[in-house]
Amino acid sequence: MHHFDPSTEIQDYLVFGEYGGVNPSITDSSTYTFLNPEKMKEMFDHEIEGCFLYSRHWNPTNKYLSDALAKLEDSEAAIVTASGMSAISCAILQICNTGDEIISSRTIYGGTYALFKNFLPRLGIKVNFVNEQDLGAIENAINSNTKIIYCEAVSNPLLEIADIPEISKTANAHNLKLIVDNTFSPISITPLQLGAHIVIHSLTKYINGTSDCTAGCVCSTKEFISELTHINSGASMLLGPALDSYRAASILKNLHTLHIRVKKHSENAMYVATELEKLGCKVFYPGLDSHSGKPLMTELMNEGFGYGGMLALDAGDEKTADTLMERLQANKVGYLAVSLGYFKTLFSSPGHSTSSEIPKEEQEKMGLSEGLVRMSIGLDNNIEKTFERIKLSLEEVGMLVF
Ligand SMILES: *Cc1c(COP(=O)(O)O)cnc(C)c1O
C-alpha cells in the first residue's frame, strides 16, 4: 500500500466566508474592479497573487475549489473547468502543436477516445493507441514527435490498473509528459506521487457525487497551471471552459464528504462483486482475487478507501445485457444511465466505441464482451436488499440457470 491520506489534507483545508461563514462566499461577478489603471496594466503583464481580473481567467470561488483539489492530488496547483472533457482538451492543447504525437491507452473513456481519434487529427496531432498493460508496446510507439503518454489510473470498462510508476520511468527517460485521468479512483490513487506529471478529473463523477452538473480539473505544477491560465497563451483562458462559481461552491462542499462516499462505494461494490462471483457470474472488480490488476492496485492505492465503486458484469451477449439493464431498472436497483459516482447505482453497456480499435480476437482475450454491463455501485445502506434485486433481475433474464 502507498501511504498517503488525501482526506487528511482536505480536512485541514479551511476557508472562511466574507462574514466568517463556514463556507466561503460565492463570487457573483464576472469582472473585478481595480483601484487605478496602473494596477490593471500590471495584472495584464503578470498575475498578481490574490488579485482577480475576469472570471474566465480566475474567480475566487473557483480558486477555493482548485486549491482543495490540489490538496486532494498533492499537486502544487490546479485549475477547475466546466467539464472533464475541457480539462483534457486544454491540457493536451497546451502541450501539443501540429505534428506532435500522443501515445494513449486504448481503453479510455469514450469521449476522450473520440477526441483523440476523430478530432485531434484535424489539428495535425496524431494519437497512437496501445495496450497500456504492455510497457514494451508503449516504448515501441515512442518517436521524436511524441509529447505525451496518456492513460487512466483505473481503465474503462475492465478496470485494469495502470502501472503508473513504470510508465512514468518510460515517460521521464524520453522527456514526455505522463497525463493520468484519475476520475475512477479519486482519493484511492494519487498519481502524482507515483510519477505522473499531470492529473485530470471529471468532477462530474465521484468528486461531486450528485450527478447535478459537469465539471473538471487539471492538477499539476504551478508552472503548468500558470501556462494553462496565461492571459495571452493559456488554453483554459483562451478556449474558455470556465466553471460557474455557484457550481464550484457546491462541488467544494461535496468534496468534503468524498472520503466517506468512496469508502461506502467500495464496500458496496466489493459486496456485490463477491456475491455475483459466488453465483457463477463473470465479473470484473479490482478487489477480487480473480482480477489480474488486484496486486498492482493493492500496491499503488492509499490505505483505507477500498478498490472503488465500479464493476463490470459480463451478461454474455448484447441482447441479454440489454434486457438485464431493463430489469435492473424496473426492479429499482438504480438507473440505466451513463456516468458514475452517483449515490444511486448506475448501469450502462460500454458500447462499441472505445473497443473498436482493438482487434476482435484480442477483445475476446481481454474479456471485452458485447454483453458487458458496467455498474457504478451506489451508496445504499441496505446493499443486501439491492443485491437480492440484482439476483432477481439475473433470474428474469435467465442468467442463473445452471
Ligand atoms: C466522464 C469522464 C470524462 C469526461 O468528463 P465530463 O465531465 O463528462 O466532460 C473523462 N474521463 C473519464 C474517465 C470519465 O469517466
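**Exercise 1. Helix 10**

Determine which residue caps the N-terminal end of helix 10 in this predicted model, and establish which residues of the helix are buried.

*Solution.* Begin at the N-terminal end of the helix. There, a side-chain oxygen of D244 lies 3.0 Å from the backbone nitrogen of Y246, and D244 is thus identified as the cap. Next, consider the helix itself, which spans residues 245–255. Its buried residues are S245, A248, A249, I251, L252, N254 and L255. Finally, ask what covers them: the cover includes helix 1 (6–11), helix 3 (60–73) and helix 11.

**Exercise 2. The surroundings of N208**

Locate N208, decide whether it is buried or exposed, and list the partners of its side chain.

*Solution.* N208 is found in the loop between strand 6 (198–202) and strand 7 (216–220). Its relative accessibility is 1%; because buried means under 20%, N208 counts as buried. The side chain of N208 then offers two polar contacts to examine: one with the side chain of D212 at 2.6 Å, and one with the side chain of T210 at 3.3 Å. Beyond its neighbours within four places in sequence, N208 is in contact with L203, C213, S250, I251, N254 and R261. Two of these partners, I251 and N254, also appear among the buried residues of helix 10.

**Exercise 3. S266 and its partners**

State which element holds S266, and identify the backbone atom that its side chain approaches.

*Solution.* S266 belongs to helix 11 (residues 258–278). With a relative accessible area of 4%, S266 falls under the 20% limit and is therefore buried. A polar atom of the S266 side chain lies 2.7 Å from the backbone oxygen of F305. When neighbours within four places in sequence are set aside, the contacts of S266 are Y285, F305, G306, Y307, G308 and G309.

**Exercise 4. The ligand site**

Describe the shell around the ligand by class and by element, and find the polar partners of the ligand oxygen atoms.

*Solution.* The shell has 14 residues, of which M85, D181, S202, T204 and K205 come nearest. Sorted by class, it has six nonpolar, five polar and three charged residues. Sorted by element, the largest share, three residues, comes from helix 4 (residues 84–95). Now examine the distances to oxygen atoms of the ligand. A polar side-chain atom of T204 is at 2.6 Å, a side-chain N or O atom of K205 at 2.7 Å, and a polar backbone atom of G84 at 2.9 Å. As a last step, consider the area: the ligand taken alone exposes 380 Å², and the protein buries 93% of that.

**Exercise 5. Two domains**

Give the domain bounds and describe how the two domains meet.

*Solution.* The domain assignment gives domain 1 (6–255) and domain 2 (258–396). Their centres, taken over C-alpha atoms, are separated by 27 Å. The contact takes 39 residues from domain 1 and 39 residues from domain 2.

**Exercise 6. Backbone geometry in loops**

Characterise the backbone at P157, D74 and K332.

*Solution.* First, a cis peptide bond, with omega about 0 degrees, joins N156 and P157. P157 lies in the loop between strand 4 (146–152) and helix 7 (164–173). Second, D74 has a positive phi, near 55 degrees, although it is not glycine. D74 sits in the loop between helix 3 and strand 1 (77–81) and is partly exposed, with a relative accessible area of 40%. Third, K332, also a residue other than glycine, has a positive phi near 60 degrees. K332 is placed in the loop between helix 13 (318–330) and strand 10 (334–336). Its relative accessible area is 60%; because exposed means over 50%, K332 is exposed.

Terms used. Residues numbered from 1 in each chain as written. Predicted model: local features only at pLDDT ≥ 70, side-chain atom pairs only at ≥ 80, totals over all residues. Heavy atoms only, no water. Near = heavy atom within 4 Å. Polar contact = N/O pair within 3.5 Å; in protein donor to acceptor, adjacent residues only side chain to side chain. Areas by Shrake-Rupley, 256 points an atom, 1.4 Å probe, with all protein chains shown as cover. Helix = DSSP H or I, 4+ residues; strand = E, 2+ residues; numbered from the N terminus. Nonpolar A, V, L, I, M, F, W, Y, C, P; charged D, E, K, R; others polar. Buried < 20%, exposed > 50% of the residue type's maximum accessible area, 1.4 Å probe, protein only. Contact = heavy atoms within 4.5 Å. Domains from an automatic or database assignment.
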